Amino acid sequence: MQSLAERLRHLLTFTYGQKLFLLATLPLILSVGVIAAVVEVQSQRLSEREIRMLEGELVEAKRQELKNYLSIARTAFITVYGRAAPDDEQAKLEVTQILSAMLYGQDGYFFVYDYDGNNLVAPRQTELIGRNWIGLEDRNGTPIVDELIRIARDGGGYHTFDWPRPSTGEIGRMVVFVNGLQDWRWVIGTGIFIDDAVDAVATAKSEVSARIRRTSLYILLIATGALVLVFATGVGLNIRERRLADAKLKELTERIIDTQEEERGRVARELHDSISQMLVGVRYVLELAKRRVATGDDRAAESLDKGISGLGGAIQEVRRISRDLRPGVLDDLGLGPALQALTDEFSTRTGIETDFETVVFRGRLDREARIALYRIAQEALTNIERHSGATHVHVHLRGTRNGANLHISDNGCGMDWPMPPRRAKSGLGLRNMQERIEQLDGTLTIESSDKGTTIRAVVPLTHMLPPDSRNKDET
C-alpha cells in the first residue's frame with residue numbers, strides 16, 4: 001500500500017519543464033475554446049438574423065409583385081366593371097374573358113370565385129371552372145376558398161397555402177393576393193409560388209453553417225499548431241507573450257467586426273437580384289403595351305408610362321437598399337453628409353418633418369465611430385417610422401469636450417418602460433444600438449414619455465483622430 005501511494009505521488013509530481021508546458025498550454029487551450037464558442041455563438045446569431053431578414057425581404061418582394069400584377073389586371077377591366085350594373089351578365093362575361101387571357105410566366109394566371117364559392121376563371125386549371133369549392137383545404141388543413149372569400153369581403157389581402165403547380169402538378173407553397181368586386185360579389189386574385197424563396201433561405205442557412213464550421217476548424221488548426229510550437233520549443237509564457245496574445249485577440253475581434261461589415265456589403269450586392277421580381281412586373285406592363293400597339297389600342301401609351309414608372313421605382317429601390325446597407329457617402333464625405341442624406345431620404349419617404357444640424361468638429365472621428373453613430377441614427381429613425389407616430393424629428397450632431405454627441409428626438413407617443421413581454425423581440429434594435437456604443441466605450445441614454453423620445457449617443461475623445469490625421473473635410 002505504501003509503495004502504491006509513493007508511485008501515485010511520483011506520477012503526479014511534474015518536472016519544471018512539464019509545469020512550464022502546462023502553464024503555457026492550459027490557458028491557451030481554455031482561451032481558444034472560449035474564443036471558438038463565442039465566435040460560433042455570435043456567428044450563429046448574426047447568421048440567423050441575416051437569414052430572417054433575407055427571408056422577409058424575399059417574401060415581401062413576392063407579395064409586392066402580386067400586388068402589381070393585380071393592379072395591372074384591374075386596369076385592364078376597370079372600365080367595363082365601372083359602367084356595368086350588378087346583374088350585367090354581358091359585362092361579367094367580358095371581364096372573365098379579359099382575365100382568362102392574362103397569363104404570365106410558367107404558372108401565373110388570374111382566378112375568380114364568386115362569394116358562394118363557385119370558380120369562374122382559372123385558365124391554367126380549367127378543371128376548377130364551374131364547380132363549387134367551399135370547404136376546400138390544402139394538405140395541411142389550411143382553408144383556401146373560404147379564407148379567400150373572407151379576405152375579399154374585408155377589402156383584400158394575402159393568403160398562403162399549398163397548391164399544385166399548373167405546369168407540373170407538383171405541390172408547392174403559394175402566396176396569393178386577392179381583392180373583392182363587391183358589386184358583383186366576386187373574389188379576384190393571383191398567386192405565385194415561393195419555393196425559390198424557401199430554397200434561397202435554405203441555401204443561405206447551409207452556407208452559413210459551412211462558414212461557421214470552417215471558422216471553428218481554422219481556430220482548431222491554429223490552436224493545434226500553437227500547442228505543437230509550444231511543445232517543440234519549450235518557450236515559456238511571460239508578460240510580453242501575454243501582452244502579445246492580448247493584442248492578437250483584439251486584432252481577431254476587430255477582424256471579425258470588419259468581416260461582418262464586408263459581409264453586409266456582399267449582401268447589399270446580392271440583394272440587387274431581388275429587384276428582378278419588380279422588373280417582372282415592368283416586363284408584363286411592356287408586353288401589354290406591345291399587344292396594345294399591335295392592336296392599335298390607344299391605351300398603349302398609358303401602359304408604357306406605367307412600365308417606365310415601375311422601372312424607375314426598381315432603380316430607386318436598388319439605390320435605397322444599397323445605401324441602407326453600406327452608404328458610400330459615409331466613407332467618401334464623412335458622418336455629417338451621410339446623416340444629412342439619411343435624414344433627407346427619411347423625410348421624403350415617410351413624410352415626417354426632419355431637421356438635421358451639425359457643428360464642425362475640431363478633430364475627425366475614426367472609422368469605427370462613424371459607422372457606429374450612423375447605424376445608431378439609422379436604427380433610431382427606423383423605430384420612429386414604425387412605432388412612434390411622430391410628425392417631427394430633430395437630429396443634432398456636434399463635438400463637445402467629452403467627444404462626439406449624437407442627439408435624436410421626436411414628438412411621438414414614446415415607449416413603454418419596462419417593455420412588455422409581448423414586445424420583447426422589438427427591443428432588438430435598441431440592444432444593437434447599446435452594443436455598438438459599448439464597443440467604443442461610449443454611453444447611450446434614452447428618455448421617453450408620452451410627448452416623445454430622446455436618444456443621446458456619446459463617443460469618447462479616444463475616437464477622435466489627431467489633427468495631423470484629419471482630411472480636409474471635417475464632420
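Which side chain makes a polar contact of 2.7 Å with the side chain of aspartate 107? The first close-up has the answer, and keep in mind throughout that this is a predicted model.

**View 1. Aspartate 107 and its polar partners.** The 2.7 Å partner is serine 167, reached side chain to side chain. Aspartate 107 also has a polar contact with the side chain of arginine 165, this one at 3.2 Å. To find the spot, look in the loop that runs between α3 (89-101) and β1 (110-114). Aspartate 107 counts as buried because its relative accessibility is 11%, below the 20% cut-off. Leaving out neighbours within four places in sequence, the residues in contact with aspartate 107 are Arg124, Arg165, Pro166, Ser167 and Phe193.

**View 2. Phenylalanine 161 on strand β3.** Here we're looking at a residue of the strand spanning 157-164. Is phenylalanine 161 buried or exposed? Buried, with a relative accessible area of just 3%. Setting aside residues up to four places away in sequence, phenylalanine 161 touches Asp138, Thr142, Ile144, Gly172, Arg173, Met174 and Val176. Arginine 173 sits twelve residues from phenylalanine 161 along the chain, yet their C-alpha atoms are separated by 6.0 Å. Arg173 also turns up in a salt-bridge network, linked with Arg139 and Asp162.

**View 3. A salt bridge within helix α4.** Arginine 150 pairs up with glutamate 147, and their closest N and O atoms are 2.5 Å apart. Both belong to helix α4 (residues 145-153), with a spacing of three residues, or about one turn of the helix. Arginine 150 is partly exposed, given its 41% relative accessibility. By the rule used here, the salt bridges come to twelve.

**View 4. A salt bridge between helices α10 and α11.** Now for a pair that spans two helices: the side chains of glutamate 385 and arginine 349 meet in a salt bridge, at 2.5 Å from N to O. Glutamate 385 is in helix α11 (residues 367-388) and arginine 349 in helix α10 (residues 335-350), so this pair ties together parts that lie 36 residues apart in sequence. Glutamate 385 is partly exposed at 37% relative accessibility, and arginine 349 is partly exposed too, at 40%.

**View 5. Arginine 456 meets glutamate 447.** These two side chains form a salt bridge with an N to O distance of 3.3 Å. How does each one fare for accessibility? Arginine 456 is partly exposed, with a relative accessible area of 29%, while glutamate 447 comes in at 45% and counts as partly exposed as well.

**View 6. A nonpolar patch on the surface.** Leu217, Tyr218, Leu220, Leu221 and Ile222 make up this patch, and together they offer about 540 Å² of accessible area. Tyrosine 218, one of the patch members, has its place in helix α5 (residues 195-233). With a relative accessible area of 46%, tyrosine 218 is partly exposed.

**View 7. Where to go easy on the model.** The protein chain has a mean pLDDT of 78, with 72% of its residues at 70 or more. Residues 422-426 have pLDDT below 50, and beyond near neighbours in sequence this stretch has three contacts in the model. Residues 470-475 are also below 50, and there the model has 22 contacts beyond near neighbours in sequence.

Notes: Residues are numbered from 1 along each chain as its sequence is written. This is a predicted model: local features need pLDDT of at least 70, side-chain atom pairs count only at pLDDT 80 or more; totals for chains, interfaces and linings use all residues. Side-chain values use heavy atoms; hydrogens and water are left out. Helices (H or I, at least four residues) and strands (E, at least two) are DSSP runs, numbered from the N terminus. Buried means under 20% relative accessible area, exposed over 50%, partly exposed in between (1.4 Å probe, protein chains only). A polar contact is a pair of N or O atoms within 3.5 Å; within protein, one must be able to donate a hydrogen and the other to accept it, and residues adjacent in sequence count only if both atoms are side-chain atoms. Contact means heavy atoms within 4.5 Å. pLDDT is the predictor's confidence in each residue, from 0 to 100. Patches are made of residues with over 30% relative accessible area and no salt bridge: like charges are joined within 9 Å, nonpolar side chains (Val, Leu, Ile, Met, Phe, Trp, Tyr) within 5 Å. Accessible areas come from the Shrake-Rupley method with a 1.4 Å probe; for residues, only the protein chains shown count as cover. A salt bridge is a side-chain nitrogen of Lys or Arg within 4 Å of a carboxyl oxygen of Asp or Glu.
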